[in-house]
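New to this one? Here is a quick briefing to read alongside the sequence and the 3D view.

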Amino acid sequence: MTDRKLAGIWIDTEKAIVVKNHDAQNAFKFFLCSPVKAEIQHGNSSENAGNNAERTNRIKFFKEVEHLLTNSQEVYITGPGTIQEELRNYLHDTAQFRNLKIDLDTSQKMSDEQVLETVKEYFNA
C-alpha cells in the first residue's frame, strides 16, 4: 500500500462520488466518502438570473468536493461531459491545489462500488 495521499472522483452535474485513501493524517486503504450533491436551480425570472444561480451553485458544489480533497497529493477525475475539466480548472485556480497532479478521464454513470474499484485500479492499489 502506498503512503501517497490519493483521491478519485466520479462527477457529473448532479453529484460527485469521492474515493480517497487518506483522512486528515494518514494514508491507508481506499474508502468512499459521502456523495456530494449539487443544488439544481429551477425556475428563474430571467436567463441572466438563472445563469448566475447556476454559476453560484456550481462553485458551492466544487467547494464541497474541494473540502474532501484537502491534503491529497494526486487526484483522478472521471465522469461524463466536461464537468471534470471545469473541476480541474477550478482546483488549479485555488492556491491550495495549484500544483496538484490531476488526471482526467471520461466515463458513463457508475455505482459507488464501481467508482471505488475504478479508482483502486487506476492507482494500482
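**Helix H3 and what it leans on**

Start with helix H3, residues 112–122, where Val115, Leu116 and Val119 are buried. Those buried residues cover an arc of only 100 degrees around the axis, which puts them on the same side of H3. Keep in mind as you look around that this is a predicted model.

- The buried residues of H3 pack against four strands: S1 (6–11), S2 (15–22), S3 (27–32) and S5 (74–78).
- After H3 comes Asn124, and its phi is positive, near 55 degrees.

**Strand S1 and its partners**

- S1 is mostly covered, with 6 of its 6 residues buried.
- In a regular strand the side chains alternate between the two faces of the sheet.
- In S1 both faces are covered: Leu6, Gly8 and Trp10 are buried on one side, and Ala7, Ile9 and Ile11 are buried on the other.
- S1 and S5 run parallel and are joined by 5 bridges.
- S1 and S2 run antiparallel, again with 5 bridges joining them, and they form a hairpin with 3 residues between them.
- Trp10 is a handy residue to follow here: its bridge partner in S5 is Thr78, and in S2 it stands opposite Ile17.

**Thr78, at the S5 end of that pairing**

- Is Thr78 buried or exposed? Thr78 counts as buried, at 2% relative accessibility, and it lies in strand S5.
- Setting aside residues up to four places away in sequence, Thr78 touches Ile9, Trp10, Ile11, Gln84, Asp105, Thr106, Ser107 and Met110.
- The side chain of Thr78 also makes a polar contact with the side chain of Ser107, at 2.9 Å.
- For a sense of scale, Thr78 and Asn52 are 26 residues apart in sequence and 26 Å apart in space, going C-alpha to C-alpha.

**Helix H2 and Gln84**

- Helix H2 covers residues 83–92, and Gln84 has its place there.
- The buried residues of H2 are Ile83, Gln84, Leu87, Tyr90 and Leu91. Looking down the axis of H2, you'd see them fall within an arc of 120 degrees, so they line one face of the helix.
- An α-helix has 3.6 residues a turn, so residues three or four places apart point the same way.
- S1, H1, S5 and strand S6 (101–104) are what the buried residues of H2 pack against.
- Gln84 has a relative accessible area of 1%, so it is buried.
- What does the side chain of Gln84 have for polar company? A polar atom of that side chain lies 2.8 Å from the backbone oxygen of Asp105.
- Beyond its neighbours within four places in sequence, Gln84 is in contact with Ile11, Ile77, Thr78, Gly79, Leu104, Asp105 and Thr106.

**Helix H1**

- H1 has 23 residues, which at 1.5 Å a residue should span 33 Å; its end C-alpha atoms are 33 Å apart, which agrees.
- Buried residues of H1 are Gly50, Ala53, Asn57, Arg58, Phe61, Phe62, Val65, Glu66, Leu68 and Leu69.
- The elements covering them include S1, S2, strand S4 (36–37), S5 and H2.
- Following H1 you'll find Asn71, whose phi is positive, near 75 degrees.

**The nonpolar cores**

- The largest nonpolar core has 22 residues, and the ones touching the most other members are Ile9, Ile11, Phe61, Val65, Leu69, Val75 and Leu87.
- S1, S2, helix H1 (47–69), S5 and H2 are the elements that give two or more residues to this core.
- Which element gives the largest share of this core? That would be H1, with 5 residues.
- Apart from this core lies another, of 11 residues, among them Phe30, Leu116, Val119 and Phe123.
- Back in the largest core, Ile11 is worth a look: leaving aside neighbours within four places in sequence, Ile11 is in contact with Ala16, Phe61, Phe62, Ile77, Thr78, Gly79, Pro80, Ile83, Gln84 and Leu87.

Methods
Residues are numbered from 1 along each chain as its sequence is written. This is a predicted model: local features need pLDDT of at least 70, side-chain atom pairs count only at pLDDT 80 or more; totals for chains, interfaces and linings use all residues. Side-chain values use heavy atoms; hydrogens and water are left out. Buried means under 20% relative accessible area, exposed over 50%, partly exposed in between (1.4 Å probe, protein chains only). The arc is that of the directions from the helix axis to the C-beta atoms. Contact means heavy atoms within 4.5 Å. A polar contact is a pair of N or O atoms within 3.5 Å; within protein, one must be able to donate a hydrogen and the other to accept it, and residues adjacent in sequence count only if both atoms are side-chain atoms. Two strands pair if DSSP finds at least two bridges between them. A nonpolar core is a set of buried Ala, Val, Leu, Ile, Met, Phe, Trp, Tyr and Cys residues joined through side-chain atoms within 4.5 Å. The expected span of a helix is 1.5 Å times one less than its number of residues.
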